[in-house]
Amino acid sequence: MLSTLSLDELLVMCILLIFIACKSDPVIPDGGLPPEPPVQDPGLNNPCEEGEISFQHQVLPIMISSCAYSGCHDPASAEDDIVLNNYENVRKEVSPGNANNSELYESITESDSDDIMPPPPAPRLTSAQIGIIRDWINQGAKNTDCGAPCDPEASAFAADILPMLQNYCIGCHNASRSDGGVNLESYDKVIPYVEDGSLIGSMKYEVSFAPMPPSGSRLSDCRIAQVQKWIDEGAQNN
Ligand code: HEC
């Protein structure tokens with residue numbers, strides 16, 4: 001039968017078939033679309049300009065860890081109709097160029113403990129984290145994805161490791177919310193996960209551990225190198 005078709009007719013059939021194949025509706029699983037796969041911070045491969053804040057790799061990790069978890073501002077819970085899991089959604093809560101006029105910034109700097117976000121007993125954002133969010137809004141609230149500043153040689157616990165854990169991990173792993181039974185709030189709490197290999201294993205997305213953070217932005221190779229160096233040098237409380 002094929003031999004009776006002209007080349008033109010075959011071409012039309014092919015185009016029709018492709019059209020039909022592409023028109024079928026996408027299948028959306030129960031419970032909504034799966035979370036977007038984490039993107040890795042490019043770090044020193046594509047560093048931010050001096051002072052420029054990376055939305056994807058500085059602001060978003062704080063949102064994922066401290067706001068967008070279940071029961072609060074993840075897509076399924078959407079408390080107060082606010083979702084803070086990606087750029088489009090976070091952008092709706094800010095007024096670009098004007099942190100002081102942005103609902104998001106007001107909520108994290110609120111003096112009234114009934115209104116402050118995240119709500120107690122969740123730990124408050126640190127002043128460094130509040131500064132990152134303020135600067136990002138004042139710089140125009142753009143969807144920047146340059147690499148966050150990072151020195152691979154800097155690996156002191158207090159100055160380098162703990163602030164990174166604060167931005168990427170502690171919102172889900174603290175005394176009041178310890179996902180997976182894990183608390184990473186302080187040096188003593190972190191050490192058991194250094195000893196069993198799960199701290200670095202989860203950050204490196206090694207198959208035998210749950211990948212961490214589970215969504216948003218993955219740590220840059222530079223940050224992982226800092227943690228590896230800190231561990232190799234004895235995981236000191238320095
Ligand atoms: C959005 C919340 C969230 C964030 C952010 C997060 N975690 Fe987790 N973490 C979880 C959950 C949920 C589990 C339990 C997962 C499981 O067992 O499958 C977990 C489990 C773990 C475990 C145990 C893993 C294992 O396989 O034994 C470690 C270690 C851990 N997280 C470290 C981290 C580190 C380090 C970061 C930051 C780089 C981080 N987490 C960021 C939610 C989070």
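## Proline bonds, disulfides and ligand shell

Pro-118 sits in the loop that runs between helix H4 (103–109) and helix H5 (127–138). The model described here is predicted. The peptide bond leading from Met-117 into Pro-118 is cis, with omega near -10°. A cis peptide bond also joins Pro-120 and Pro-121, where omega is about 5°. Pro-121, too, is found in the loop between H4 and H5.

**Backbone with positive phi**

Ala-141 has phi near 50°, which is a positive value in a residue other than glycine. Ala-141 belongs to the loop between H5 and helix H6 (157–168). Is Ala-141 buried or exposed? The relative accessible area of Ala-141 is 1%, and residues under 20% count as buried, so Ala-141 is buried.

Tyr-205 also has a positive phi in a residue other than glycine, near 60°. The loop that holds Tyr-205 lies between helix H8 (198–203) and strand E2 (217–218). Tyr-205 has a relative accessible area of 23%. Because partly exposed covers values between 20% and 50%, Tyr-205 is partly exposed.

**Disulfides**

How many disulfides does the structure hold? There are two disulfides. With the bonded cysteines of the protein chain numbered in sequence order, the pairing reads 1-2, 3-4.

The disulfide between Cys-48 and Cys-146 has an S to S distance of 2.0 Å. Its S-S torsion is about 90°, so the link of Cys-48 and Cys-146 is right-handed. This pair connects distant parts of the chain, 98 residues apart: Cys-48 lies in the loop between strand E1 (39–40) and H2, and Cys-146 in the loop between H5 and H6.

Cys-150 is joined to Cys-222 by a disulfide with 2.1 Å from S to S. The link of Cys-150 and Cys-222 is left-handed, with -90° about the S-S bond. Here again distant parts of the chain are linked, 72 residues apart, with Cys-150 in the loop between H5 and H6 and Cys-222 in helix H9 (residues 221–232).

The relative accessible areas of the bonded cysteines are listed below.

| Residue | Relative accessible area | Class |
|---|---|---|
| Cys-48 | 14% | buried |
| Cys-146 | 7% | buried |
| Cys-150 | 12% | buried |
| Cys-222 | 7% | buried |

**Ligand shell**

Which residues come nearest to the ligand? Of the 19 residues around the ligand, the nearest are Cys-169, Cys-172, His-173, Ala-210 and Met-212. Cys-169 is buried, at 13% relative accessibility. Cys-172, at 14%, counts as buried as well.

Polar atoms of the ligand pair with atoms of His-173 and Ala-210. An N or O atom in the side chain of His-173 is 2.8 Å from a nitrogen atom of the ligand. At Ala-210 the partner is a backbone N or O atom, which lies 2.9 Å from an oxygen atom of the ligand.

Helix H2 (55–66) and H8 each contribute at least two residues to the shell around the ligand. H8 gives the most, with four residues. What is the make-up of the shell around the ligand by class? The shell has 13 nonpolar, five polar and one charged residues.

Conventions. Residues numbered from 1 in each chain as written. Predicted model: local features only at pLDDT ≥ 70, side-chain atom pairs only at ≥ 80, totals over all residues. Heavy atoms only, no water. Buried < 20%, exposed > 50% of the residue type's maximum accessible area, 1.4 Å probe, protein only. Near = heavy atom within 4 Å. Polar contact = N/O pair within 3.5 Å; in protein donor to acceptor, adjacent residues only side chain to side chain. Nonpolar A, V, L, I, M, F, W, Y, C, P; charged D, E, K, R; others polar. Disulfide = S-S within 2.5 Å.
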